[in-house]
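The exercises below are meant to be worked through with the sequence and the coordinates open side by side. Each task is followed by a solution that goes step by step.

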Amino acid sequence: MTVAIDWDDTLVNVKTQEWLPGAVEALQKFLAQGDSVVIFTCRANWPEGLASIEQKLVPLRKWRGKISIEKKPRADVYIDNQALRFQEWETALPQAERILSAHRAFEAAKRPSRNSNTASTAPYVTYFRTLS
């Protein structure tokens, strides 16, 4: 799975560039379970901004190939159907894990079983019904 995370005020404080509580732990958890992480930020649009992010990620270099940094267009509003509203990691991480679990179940269900040439979407549908 791929998890895309904004940089400013999601992973780090926009003014101080210090890690927000739980951010490093969340990154480590995603990476440890085999997910790729894409950090998207307007800071990647200029060399100094990109260099500062890369420097901040040095403690996570163990997963160098699993973390990428992508340019984010400058905008006043971002609308995304896959978005998870971030307020703090204590609530965001469990929500993200539930979504990733559902996606993993869906992907597993799409793989043909030994007894069938068709795949079922039942685990995915059931998961989202329980959230309602």
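## Exercise 1: Aromatic pairs

The structure, which is a predicted model, holds two aromatic pairs. Task: for the pair formed by W7 and W19, classify the geometry and place both residues in the chain.

Solution. Begin with the description in use: a pair of aromatic rings is described by the distance of the centres and the angle of the planes. For W7 and W19, the centres are 5.6 Å apart and the planes enclose 70 degrees. Since pairing requires centres within 6.5 Å and an angle over 60 degrees counts as edge-to-face, W7 and W19 form an edge-to-face pair. Next, locate the partners: W7 and W19 are both in the loop between β1 (2-6) and α1 (23-32), 12 residues apart, and the pair is one that links distant parts of the chain. Finally, compare the accessibility of the two residues: W7 is buried, with a relative accessible area of 0%, whereas W19 is partly exposed at 24%.

## Exercise 2: Fold and sheet

Task: describe the secondary structure of the protein chain and the order of the strands in the sheet.

Solution. Start from the inventory, which comes to four helices and three strands; read along the sequence, these elements follow the pattern β-α-β-α-β-α-α. The three strands make an open sheet in the order β1-β2-β3, with parallel pairing. The edge positions are taken by β1 and β3 (67-71), each of which pairs on one side only. Neighbouring strands of the sheet are turned against each other by 25 degrees on average, when direction is ignored. To look at one pairing in detail, take β2 and β3, which run parallel and are joined by five bridges; V38 stands opposite S68 in β3.

## Exercise 3: Totals for the chain

Task: characterise the protein chain by its burial, its contacts and its accessible surface.

Solution. For burial, the chain has 132 residues, of which 30% are buried. For contacts, take those with a separation of 6 or more: residues 24 or more positions apart account for 66% of them. For the surface, the chain exposes about 9,000 Å², and carbon and sulfur atoms supply 52% of this area.

## Exercise 4: The surroundings of D35

Task: is D35 buried or exposed, and which side chains make polar contacts with its side chain?

Solution. First place the residue: D35 lies in the loop between α1 and β2 (36-41). Its relative accessible area is 0%, so D35 is buried. The side chain of D35 then shows a polar contact with the side chain of Q33 at 3.0 Å, and another polar contact, at 2.5 Å, with the side chain of R104. Leaving aside residues up to four places away in sequence, D35 touches M1, V3, F30, K66, L100 and R104. R104 is therefore found both among the residues that D35 touches and as a partner in a polar contact, while D35 itself is buried.

## Exercise 5: Loop residues compared

Task: place R43, Q17, D9 and K62 in their loops, and assign each an accessibility class.

Solution. Take R43 to begin with, which is found in the loop between β2 and α2. With a relative accessible area of 17%, which is under the 20% cut-off, R43 is buried. Not counting residues up to four places away in sequence, R43 touches W7, D8, V14, Q17, G49, L50 and I53, and this list includes W7, one partner in the edge-to-face pair of the first exercise.

Q17, also touched by R43, is found in the loop between β1 and α1 and is buried, with a relative accessible area of 18%. Its backbone deserves a separate check: Q17 has a positive phi of about 60 degrees although it is not a glycine.

D9 likewise has a positive phi of about 60 degrees without being a glycine, and its place is in the loop between β1 and α1. D9 is partly exposed, with a relative accessible area of 42%.

K62, lastly, has its place in the loop between α2 (47-56) and β3, and its relative accessible area of 68% makes it exposed. The C-alpha atoms of K62 and Q28 are separated by 9.9 Å, while the two residues are 34 residues apart along the chain.

Conventions: Residues are numbered from 1 along each chain as its sequence is written. This is a predicted model: local features need pLDDT of at least 70, side-chain atom pairs count only at pLDDT 80 or more; totals for chains, interfaces and linings use all residues. Side-chain values use heavy atoms; hydrogens and water are left out. Rings of Phe, Tyr and Trp (its six-membered ring) pair if their centres lie within 6.5 Å; planes under 30 degrees apart count as stacked, over 60 as edge-to-face and the rest as tilted. Helices (H or I, at least four residues) and strands (E, at least two) are DSSP runs, numbered from the N terminus. Buried means under 20% relative accessible area, exposed over 50%, partly exposed in between (1.4 Å probe, protein chains only). Contact means heavy atoms within 4.5 Å. Accessible areas come from the Shrake-Rupley method with a 1.4 Å probe; for residues, only the protein chains shown count as cover. A polar contact is a pair of N or O atoms within 3.5 Å; within protein, one must be able to donate a hydrogen and the other to accept it, and residues adjacent in sequence count only if both atoms are side-chain atoms. Two strands pair if DSSP finds at least two bridges between them. Axes are lines fitted to C-alpha atoms, for helices over the stretch in contact, and angles run from 0 to 180 degrees between N-to-C directions.
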